[in-house]
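Welcome, and please keep your viewer open beside this text. We will go from one selection to the next and say what is there.

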Amino acid sequence: MLLKELRTSVLEANLELVKRGLVLYTFGNASGIDREQGLVVIKPSGVDYEELRPEYMVVTDLNGKIVDGKLKPSSDLDTHTLLYREFPTIGAVVHTHSEYATSFAQAGLPIPALGTTHADYFHGPVPVTSVLTDEAIGGRYVHETGLAIVERFKGLDPLAIPAVLVAGHAPFCWGPTPYEAAHNAVVLEAVARMAYRTLTLRASSEGVSQALLDRHYHRKHGAAATYGQ
């Protein structure tokens, strides 16, 4: 089986989204990339999660051309492949419609860095894209979604803020591996839920200071990280 290990990792990432309650029915998708071969593995479109097997994952090139697999790839493939082309440091992409993160996306609002839980994973607010134009929606919609993400991340490090909210739509997350991308998606939903509740309690909450944001982010990330064994 072509890319058996990556197919298995992508399947496990998809199942993690179900296990953590981030997707309903056939919503959502996860993918991973083999950078050496320039090949992407992604969930097939509209297949129930309980029926998924590693061999059902679809393999494409970086332009979305199917290389191996009998099923149709996720309808979000064009967004995934564009992100892989534009963000060369990422190794996996996850898309969900998780309730709280999607609520921020539908409101067109970023998720502010209100506390240290956020700072442990996201070195700043989780940004929201611009609203797509009617022309973009009526054209290559999935591709345009990816372009909106890339445009929003000009000047930002996608590994320092491994998530985005697509305005009116839902979140996309990424990471070095399928597991880490799914992990980031789970944390994003928890952070969004806490942010919603914090802003409900106190709408004027200003969030953490830059010093506290930096301290918590860098203790887990980078050469000077101290968290863990």
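**A charge over a ring**

Start by selecting Lys43 and Tyr49: lysine 43 lies over the face of tyrosine 49, 5.0 Å from the ring centre. A charge counts as over a ring if NZ of Lys or CZ of Arg is within 6 Å of the ring centre and within 35 degrees of the ring normal. This is a predicted model, where local features need pLDDT of at least 70, side-chain atom pairs count only at pLDDT 80 or more, and totals for chains, interfaces and linings use all residues. Residues are numbered from 1 along each chain as its sequence is written, and side-chain values use heavy atoms, leaving out hydrogens and water.

**Strand β2 and its partners**

Next, select residues 39-42, strand β2 (strands are DSSP runs of E, at least two residues, numbered from the N terminus). Leu39 and Val41 point one way, Val40 and Ile42 the other way, and all are buried (under 20% relative accessible area, 1.4 Å probe, protein chains only). In a regular strand, side chains alternate between the two faces of the sheet.

Add β1, residues 29-34, which pairs with β2 in the antiparallel sense over four bridges; pairing requires at least two DSSP bridges. Here isoleucine 33 stands opposite valine 40. In the hairpin, with four residues between the strands, glycine 38 has a positive phi near 65°.

Now add β3, residues 58-61, also antiparallel to β2 over four bridges. Leucine 39 stands opposite aspartate 61 there.

Terms used
Buried < 20%, exposed > 50% of the residue type's maximum accessible area, 1.4 Å probe, protein only.
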